[in-house]
Amino acid sequence: MNGGGKGANRLPRLLVVEDDAGLQRQLKWAFDDFEVLCAGDRASAIDLLRYEEPDVVTLDLGLPPDPDGVSEGFATLAEILRLKPDTKVIIASGHGERQSARDAIAQGAYDFYRKPVEIDDLALIVRRALNVQQIERENARLSQKSGEDHTVLGGMITGDAQMVKAARTIERVANTNVSVMLLGASGTGKELFARGLHEKSNRRGGAFIAINCAAIPENLLESELFGHEKGAFTGAIKTTIGKIEQAAGGTLFLDEVGDIPLPLQVKLLRFLQERVIERVGGRSPIPVDTRVVCATHQNLEKMIAEERFREDLFYRLAEIVVHIPSLAERPGDAVLLAKHFLARFAAEMNPAVKGFAPDALKMLDAWHWPGNVRELENRVKRAVIMAESRLVTAEDLDLERAEPQTAEFLNLKAVRELADRKAIRHALARTEGNISGAAKLLGISRPTLYDLLRQYDIQS
């Protein structure tokens, strides 16, 4: 098996997914500075993806058994991006198929080329795609290395490359006025990201105002956001400014924005478009300079399809979208965070507690954390209070035995690399970066561990 060779001397790999044998030969001849692989259908394309791990893919949407349609091509695109998301896929677009090409790009394709093929134009697109991918890979490598410092965006603790990438995105857009949408499950730290954005921005001298749209009754949410004039409704005994005005010159964080009712979505959209508001019961527009950051754990695209969320509002709120990974997707972070929480809670509540017992560390590693960081924090707090010895035990954490998690994978090499990386990160987290201790936990020699650290570019 080639193993998706990552060697510095190999040619870049181009996978041509095309059922026209003549066009396959033409492209194979034209790209002599690539290792060109050819597939005529989805099954053979996915086999080559797993076996060879191509850098760039050209994909004709009209594949058998649907050569006159696009269903098989879109299914192939989805499977490629699910198995190897960093692959740059370039879609073939015939006459009258521009909408299909646009739809493919919306679903994650890198670009499109027109048929009949102009080799020079396609070569330019392919080489640009390869260059972008190489830059992204290097940025990911550097982000992973910088993530070893364990703190990002003003103090968030992580050793995970995905979290570092999300934090770097926030830092890059902080001083712009674009609207940012944070997507992630409950408890992943969306408000911490929003606060970090505010602190990194030129609005940090203004207020940071957060509101949970799901926690406020629908009939009160409009007043909370926009304020109200005296006498606007029963009980409105004085004029009150809303959260949008309170955040003037600063940042407004709308958590669980998917819970805003449709009539109020219209009013929020008007504010985002015109930057003026009207208080409930008011008649005069009030200009307000407030930056909006929002978050949700809901699938807003599904809500748009069900007409429960306005599409125009979504695009106003989601100029930049940042995905925050769950704690289960961040190998080693549970132990890093647990040690941080233990130090804090022990100082406040039980100074006799000094650390975690080995069985507790193993459980922290294995647990799937459905409640994410919030659940971890609560578990550690409880354990510190309940601990009867210097070390917190698995029993103190009160977690059920973790079940093994399974996931789809690209190939055996990718599984091994992922397992190696997770095991090494867990061992380093548990030994606080001590190489000898980590090697002992892993059952390997120190030189072997050093070799693996160099191979995977992990900082100890």
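**Strand pairing, domains and a surface patch in the predicted model**

Leu182 stands opposite Val322, a residue of strand S14. The structure described here is a predicted model, and this pair of residues serves as the entry point to its sheet. Strand S8, which spans residues 180–183, is joined to S14 by four bridges, and the two strands run parallel.

S8 and S14 belong to an open sheet of five strands, arranged in the order S9-S10-S13-S8-S14 with parallel pairing. The edges of this sheet are occupied by strand S9 (208–212) and strand S14 (320–323); each has a single partner strand, so one side of each is left without a neighbour in the sheet. From one strand to the next, the twist averages 20°. In general, the strands of a sheet pair through backbone hydrogen bonds, in either a parallel or an antiparallel sense.

At the S9 edge, five bridges connect S9 to S10, and these strands run parallel. Within this pairing, Phe208 has Thr251 of S10 as its bridge partner. S10 also pairs with strand S13 (residues 291–296), again in the parallel sense, over four bridges. Here Leu254 is found opposite Cys294 of S13.

The surroundings of strand S10 (residues 251–255) were examined further. Five of its five residues are buried, so the strand is largely enclosed by the rest of the structure; the criterion for burial is a relative accessible area under 20%. Both faces of S10 are covered. On one side lie Thr251, Phe253 and Asp255, and on the other Leu252 and Leu254, all of them buried. Thr251 and Leu254 thus appear both among these buried residues and in the bridge pairs, Thr251 with Phe208 and Leu254 with Cys294.

At the level of the whole protein, the domain assignment gives domain 1 (11–142), domain 2 (154–231 + 240–321), domain 3 (326–395) and domain 4 (410–454). A distance of 35 Å separates the C-alpha centres of domain 1 and domain 4.

A further feature concerns the surface. Met349, Ile385 and Met386 form a nonpolar patch there, and together they have about 270 Å² of accessible area. One of these residues, Met386, is located in helix H15, which covers residues 372–386. The relative accessible area of Met386 is 43%, so this residue is classed as partly exposed, a category that lies between the buried limit of 20% and the exposed limit of 50%.

Technical notes:
Residues numbered from 1 in each chain as written. Predicted model: local features only at pLDDT ≥ 70, side-chain atom pairs only at ≥ 80, totals over all residues. Heavy atoms only, no water. Patch = residues over 30% accessible without salt bridge, like charges linked within 9 Å, V, L, I, M, F, W, Y side chains within 5 Å. Areas by Shrake-Rupley, 256 points an atom, 1.4 Å probe, with all protein chains shown as cover. Salt bridge = Lys/Arg side-chain N within 4 Å of Asp/Glu carboxyl O. Buried < 20%, exposed > 50% of the residue type's maximum accessible area, 1.4 Å probe, protein only. Domains from an automatic or database assignment. Pairing = 2+ DSSP bridges. Axes fitted to C-alpha atoms, helices over the stretch in contact; angles between N-to-C directions.
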